[in-house]
Amino acid sequence: MKIIERALRGASTLVFLDLEATQLSHEAIEIGAEMCEVDPQGNPRKSHPPFRVYVKAKHPIGRLVRTLTGIDERLLKEEGTSFQRALDALKHYIGYRLDETLFLTWGPSDIQILEATRKQSEADDSFLRFLYRRHLDFQAFLKTYVQDGNGNPLSLHNAILAFSVPFKGREHDATSDAMSLFRLYQAVISSPDVLEREYMKTLSHYRKLPLPLLRVLEAIQEGKTVDRPMWELFVRECFK
């Protein structure tokens, strides 16, 4: 699809990224990623094994985050590494494809976690600055076409439901969520009919359109045929 092709800005490699963070200090404690190579139209050609690294935090994880993620201080002590080494590992995972890579996240929070962690560590920020420049918030991209009834972007959970993507793994696991984002991307690019259907729903929720146009969209969404007499009726109702 042309809309995705433009959004990818010529990237030949996509890295779907997800992070988990401490409850209060918002330091990264887990980075998960899924990488795939794409053709010029953005269609996946080859996927790679997923990536995961645990990151040691300077501040407590927090009870809520421990419950949601299953990550505790013992796990970070035994398997965690410094933020710098975690970034180096991610960079190594991408390898020679780095210059042609675009990083995709769901929402702005993952970038905010990276920045919060950078400020609390002594990591070199050159890779992060590159990542920020080569970043696409896929939630914001999709919000143009798919929203809930109140005009809000969908959660990742609801987005994969809308596109009938089977969920694997568990939520609040960075690698599982990165892989879910990749599968959602696959579903969006391979199912223009579903995207069109969801866009129709979104258009029917718009409240800034003139009322007659909203009525037309609602009628079409209900499977009705809108002819000139019905259009004139919708316009006439505005003045009653």
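These exercises work through a predicted model of one protein chain.

**Exercise 1. The chain as a whole**

Describe the secondary structure, extent and burial of the protein chain.

*Solution.*
- Start with the elements: the chain has 12 helices and 6 strands.
- Next, take the extent. The C-alpha trace spans about 70 × 40 × 30 Å along its principal axes.
- Then check burial. Of the 240 residues, 48% count as buried.
- Turn to the surface. The chain exposes about 12,800 Å², and carbon and sulfur atoms supply 53% of that area.
- Finish with contacts. Take those between residues at least 6 apart in sequence: 66% of them join residues at least 24 apart.

**Exercise 2. The nonpolar cores**

Find the largest nonpolar core and say which elements supply it.

*Solution.*
- Count its members: the largest nonpolar core has 34 residues.
- Pick out the residues with the most contacts inside this core. They are Leu14, Phe138, Phe163, Leu184 and Tyr185.
- Assign the elements. At least two residues each come from helix H1 (2-8), E1, strand E2 (28-38), strand E5 (101-105), helix H7 (138-143), H8, helix H9 (174-190) and helix H10 (192-205).
- Rank them: H9 gives the most, with 7 residues.
- Zoom in on Leu184. Neighbours within four places in sequence are left aside. Leu184 is then in contact with Trp106, Phe138, Leu156, Ala159, Ile160, Phe163 and Val165.
- Look beyond this core. Another core, of 27 residues, lies apart from it and includes Phe51, Tyr93, Ile113 and Leu131.
- Add the general background: nonpolar side chains tend to be buried together in soluble globular proteins.

**Exercise 3. The largest pocket**

Characterise the largest pocket by its volume and its lining.

*Solution.*
- Volume comes in at about 410 Å³.
- The lining has 17 residues. Asp18, Leu19, Glu20, Ser109 and Asp177 lie nearest the pocket centre.
- Trace the elements. Strand E1 (13-21), helix H5 (109-119) and helix H8 (156-162) each supply at least two lining residues.
- Sort the lining by character: 7 residues are nonpolar, 5 polar and 5 charged.

**Exercise 4. Positive phi outside glycine**

Locate His26 and Ser164 and state how exposed each one is.

*Solution.*
- Take His26. Its phi is positive, about 60°, although His26 is not a glycine.
- Place it: His26 sits in the loop between E1 and E2.
- Compare its relative accessible area of 42% with the cut-offs of 20% and 50%; His26 is therefore partly exposed.
- Take Ser164. Its phi is also positive, near 55°.
- Place it: Ser164 belongs to the loop between H8 and H9.
- Its relative accessible area is 66%, so Ser164 is exposed.

Conventions
Residues numbered from 1 in each chain as written. Predicted model: local features only at pLDDT ≥ 70, side-chain atom pairs only at ≥ 80, totals over all residues. Heavy atoms only, no water. 1 Å grid on protein atoms, 1.4 Å probe; cavity = no way out; pocket = protein on both sides within 12 Å on 5 of 7 lines; lining within 4 Å. Points joined across faces, edges and corners; volume = space filled by probe spheres on them. Helix = DSSP H or I, 4+ residues; strand = E, 2+ residues; numbered from the N terminus. Nonpolar A, V, L, I, M, F, W, Y, C, P; charged D, E, K, R; others polar. Buried < 20%, exposed > 50% of the residue type's maximum accessible area, 1.4 Å probe, protein only. Contact = heavy atoms within 4.5 Å. Areas by Shrake-Rupley, 256 points an atom, 1.4 Å probe, with all protein chains shown as cover. Core = buried A, V, L, I, M, F, W, Y, C linked by side-chain atoms within 4.5 Å.
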